[in-house]
Amino acid sequence: MSDKLRKKLFYAVAFVNFIMVSIYEFLTPNMSDDVIYGDKVAQAHSFFDLFVQEYEHYMEHTGRSVAHIIMRIFFFTGNKAVFNIAAGLVFVVLSLCIYQCVDFKKEYDIRVYVGILILMWLFDPAISNNVFWETGACNYLFTATIMFIYILLFRKAYREDKKGSLRSIIGMFLLGVLAGWCNENSSGGVIFIVLLLMFLKWMKTKNFKGIRSWMVSGLLGNIIGFLIMILSPGNSSRAAAAEEAHTGLLAMAARFLRVTLTLKENYLVLILVFIVMVIAIAYRTGSGDKFVPAVSDMFLFGAAFFVTSYALVAVPDSQLRTYYCASLFLMTAIANGFSWIINEGFSEDLIQIFATGLATVLSVLFLFTYIEDGANLARIKREFDERDAYLTEVSQGEEMVVEAPMLRPEWVNRFSMAYDSDICEDKFNWLNLSYAEHYGLWYIIGVERESWTGY
């Protein structure tokens with residue numbers, strides 16, 4: 001394949017990925033926290049009111065101000081299409097950042113890039129929360145992109161051993177603040193990567209001559225942003241309200257077990273792939289002098305995966321979506337191993353055929369999955385839109401306690417969190433109450449869709 005054709009195909013894959021993400025975003029309705037935050041933003045009289053709202057949120061709820069300012073801006077536009085397109089672009093930018101963090105790749109390496117996309121689409125167990133839910137995407141997809149841009153620029157300057165200018169010192173500091181102010185465990189993982197890289201730089205010379213001023217400013221920015229986030233009074237209030245079955249060391253052990261089981265249940269395949277790749281590279285390189293350069297970035301991002309995951313031991317409870325950036329670190333490690341195997345270590349035809357065939361077969365399987373679940377997303381959105389129109393209509397009347405249909409159960413799929421955000425029979429459920437407040441009603445009672453005759 002000519003270099004020109006490979007370049008065109010590479011950009012074509014990136015563009016198709018953008019289209020596919022954007023289509024799914026358009027097929028995903030606003031739900032759950034989208035409705036709550038959207039109603040709050042609707043009360044803002046000006047753009048600057050968003051920052052006043054975020055200050056109140058910081059004081060009362062959580063310190064993730066970077067993510068929530070992004071979210072409020074999208075809600076303030078009043079047009080979800082803006083978010084849908086932006087999310088598609090950000091997903092592509094994130095995938096390209098991961099690609100740029102991969103060593104030993106060819107120029108416009110389509111197999112490596114397709115492999116990254118397959119990992120991001122098929123091996124993120126909470127993709128419905130992290131990418132295809134507006135509030136979740138702002139909290140995880142957008143912030144992960146900020147963090148990966150920072151890591152990418154830091155590693156690039158680190159490898160080029162740039163001495164740095166005033167501009168780079170200030171720029172790295174400001175971007176470091178943003179990367180440190182994204183979300184708790186993920187930003188902690190970024191700090192770990194920076195500290196580890198600086199430690200490795202110190203190990204080479206056993207002095208601080210190799211530590212550049214822009215490295216220090218970037219790390220300082222990370223720490224400042226991280227402290228601003230975790231010292232939010234809202235975080236303290238939420239932690240105090242959390243309940244646990246154990247206290248002291250037993251509580252820490254229970255949290256450790258929780259994280260371990262989460263990794264086993266959701267990321268075991270990726271962990272095993274990582275291990276097999278390390279073994280394969282060890283067999284091929286044979287000696288430590290060749291092995292270490294081949295796996296250094298695999299170990300860097302692999303270690304970041306475990307550190308970012310087990311940082312969640314510090315909190316009483318966590319959702320699967322909070323592992324998003326950690327999983328991206330592991331995917332980056334695997335992509336590095338895959339790139340070394342196909343481009344550097346194994347030139348045998350059988351390995352090349354297997355690698356190309358694997359990427360192709362998984363792409364075809366994903367295409368069928370995309371089409372099938374895309375149809376399910378369209379059906380779910382239709383149900384949401386019909387119910388929204390009905391509740392908007394009845395809210396204009398005098399009835400304040402209203403029955404409304406729940407989603408049909410046969411359209412559950414991994415790309416939609418609609419069923420986790422649906423109403424239920426309990427009118428006192430917090431989601432029912434949130435939707436009722438949105439429509440100006442007292443209560444909404446969920447009923448089976450099959451028995452519903454209202455429309």
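This is a guided tour of one protein, stop by stop, for you to follow in your viewer.

**Before you start**

The model is predicted, so local features need pLDDT of at least 70 and side-chain atom pairs count only at pLDDT 80 or more, while totals for chains, interfaces and linings use all residues. Residues are numbered from 1 along each chain as its sequence is written, and side-chain values use heavy atoms, with hydrogens and water left out.

**Stop 1: the whole protein**

Show everything as a cartoon. You should find 17 helices and two strands; these are DSSP runs, helices being H or I with at least four residues and strands E with at least two, numbered from the N terminus. Along its principal axes the C-alpha trace spans about 75 × 50 × 45 Å.

How does the radius of gyration of the protein agree with that of a compact globule? The protein has 24 Å, and a compact globule of 455 residues would be near 23 Å, so the two agree. This radius is taken over C-alpha atoms, and the globule rule is 2.2 Å times the number of residues to the power 0.38.

Now switch on the surface. About 21,700 Å² is exposed, with carbon and sulfur atoms supplying 66% of it; the area comes from the Shrake-Rupley method with a 1.4 Å probe. Of the 455 residues, 51% count as buried. Buried means under 20% relative accessible area, exposed means over 50%, and partly exposed is in between (1.4 Å probe, protein chains only).

**Stop 2: helix α1**

Select residues 3-26, which form α1. This helix has 24 residues and reaches 35 Å from its first C-alpha to its last, close to the 34 Å expected at 1.5 Å a residue; the expected span is 1.5 Å times one less than the number of residues. Its buried residues include R6, F10, F18 and Y24. Add α5, α6 and α16 (349-394) to the view, since they are included in what covers the buried residues of α1.

**Stop 3: two loop residues**

Move on to S32, in the loop between α1 and α2 (33-41). S32 has a positive phi of about 55 degrees although it is not a glycine. Is S32 buried or exposed? At 7% relative accessibility, S32 counts as buried.

Next, pick F104, in the loop between α5 (80-100) and α6. F104 is not a glycine either, yet has a positive phi of about 65 degrees. With a relative accessible area of 30%, F104 is partly exposed.

**Stop 4: helix α6**

Select residues 110-122 for α6, which has 13 residues and reaches 18 Å from its first C-alpha to its last, close to the 18 Å expected. This helix is mostly covered, with twelve of its 13 residues buried. Among them are I110, R111, Y113 and W121.

**Stop 5: F142 in α8**

Select F142, which lies in helix α8 (residues 134-160). F142 is buried, with a relative accessible area of 9%. What does F142 touch, not counting residues up to four places away in sequence? Show I70, F74, F83, A86, A87, V90 and A137 to see these partners; a contact means heavy atoms within 4.5 Å.

Then draw a distance to Y283: the C-alpha atoms of F142 and Y283 are separated by 39 Å, and the two residues are 141 residues apart along the chain.

**Stop 6: N222 in α11**

Finish at N222, in helix α11 (residues 213-230). N222 is buried, with a relative accessible area of 0%. Leaving out residues up to four places away in sequence, N222 touches Y150, G176, V177, A179, G180, V190, I191 and V194.
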